[in-house]
Structures are given as C-alpha cells and as structure tokens.
Amino acid sequence: MKELVEKIQAEYANFAANAEAQVTKNNKAAGTRARKSALELSKLMKEFRKVSVEASK
C-alpha cells in the first residue's frame, strides 16, 4: 500500500506541474499531459480505495 501511495504522490506532482504550466504559460501540450495524469490519478485512487477497504477488514 505504501508503494501505491508513493505512485499517487508522484502522479499528483506530475499533474500539478503540467496544470500550472497550462494555466500560467497557456501551454496546450501541458494541458494534455495534465488531463492524462488526472485520468491516471483516478485509476490509482480507485485502486487505493480497493486496497484500503481490504486492509481495514
């Protein structure tokens, strides 16, 4: 589970950097990368929820 949390943190850092580049520099490619990261974060969060529920049983 610790590894999963580290993946989530890394992906969020990637998302935050790209989203910031899109907003401040109007970088369209960064926006695409931010959306891709957001999709990956969604998948990782679902996996975290699944693992967390199993761990709490």
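Modeller: Let's fix one term before we start: helices (H or I, at least four residues) and strands (E, at least two) are DSSP runs, numbered from the N terminus. Ala17, for instance, lies in helix H1. This is a predicted model, where local features need pLDDT of at least 70 and side-chain atom pairs count only at pLDDT 80 or more, while totals for chains, interfaces and linings use all residues. Residues are numbered from 1 along each chain as its sequence is written, and side-chain values use heavy atoms, with hydrogens and water left out.

Colleague: Fine. How many residues does H1 have, and how far does H1 reach?

Modeller: The expected span of a helix is 1.5 Å times one less than its number of residues. H1 covers residues 2-25, so 24 residues, and runs 34 Å from its first C-alpha to its last, close to the expected 34 Å. H2 does likewise: its 29 residues should span 42 Å, and its end C-alpha atoms are indeed 42 Å apart.

Colleague: And how do I read the packing of H1 against H2?

Modeller: Two packed helices are described by the angle between their axes and the distance between the axes. Axes are lines fitted to C-alpha atoms, for helices over the stretch in contact, with angles from 0 to 180 degrees between N-to-C directions. Here H1 and H2 pack at about 155°, with their axes 8 Å apart. That makes H1 and H2 roughly antiparallel (under 35 degrees is roughly parallel, over 145 roughly antiparallel, 65 to 115 roughly perpendicular, the rest oblique). Their crossing is left-handed, meaning that the near helix is turned anticlockwise from the far one by less than a right angle; clockwise would be right-handed.

Colleague: Which residues of H1 are buried?

Modeller: Buried means under 20% relative accessible area, exposed over 50%, partly exposed in between (1.4 Å probe, protein chains only). In H1 the buried set is Leu4, Ile8, Glu11, Asn18, Ala19 and Ala21, and what covers them includes helix H2 (28-56). On H2, the buried residues are Ala30, Gly31, Ala34, Ser37, Leu41 and Leu44, and their cover includes H1.

Colleague: Asn18 catches my eye. What is Asn18 in contact with?

Modeller: Contact means heavy atoms within 4.5 Å. Leaving aside neighbours within four places in sequence, Asn18 touches Ala30, Arg33 and Ala34. Asn18 sits in H1 and is buried, at 8% relative accessible area. Arg49 is another story: its C-alpha is 25 Å from that of Asn18, with their places 31 residues apart along the chain.

Colleague: What about C-alpha distances from Ala17 and Val5?

Modeller: Ala17 is partly exposed at 48%, and its C-alpha is 9.7 Å from that of Arg33, 16 residues apart along the chain. Val5 is also in H1 and partly exposed, at 30%. From Val5 to Arg33 it's 21 Å, C-alpha to C-alpha, and 28 residues in sequence. Val5 and Met45 are 40 residues apart along the chain, yet their C-alpha atoms are separated by 9.1 Å. Met45 belongs to H2 and is partly exposed, at 42%.

Colleague: How many aromatic pairs does a search of the whole structure find?

Modeller: A pair of aromatic rings is described by the distance of the centres and the angle of the planes. Rings of Phe, Tyr and Trp (its six-membered ring) pair if their centres lie within 6.5 Å; planes under 30 degrees apart are stacked, over 60 edge-to-face, the rest tilted. The search finds one pair. Tyr12 and Phe15 form it, tilted, at 5.9 Å centre to centre and 45° between the planes.

Colleague: Why are Tyr12 and Phe15 separated by about one helical turn?

Modeller: An α-helix has 3.6 residues a turn, so residues three or four places apart point the same way. Tyr12 and Phe15 are three residues apart in H1, hence about one turn. Tyr12 is partly exposed at 49%, and Phe15 is partly exposed at 24%.

Colleague: Last one: what phi does Asn26 take, just after H1?

Modeller: Most residues other than glycine have a negative phi. Asn26 is not a glycine, but its phi is positive, about 55°. Asn26 is in the loop between H1 and H2, and at 61% relative accessibility it counts as exposed.
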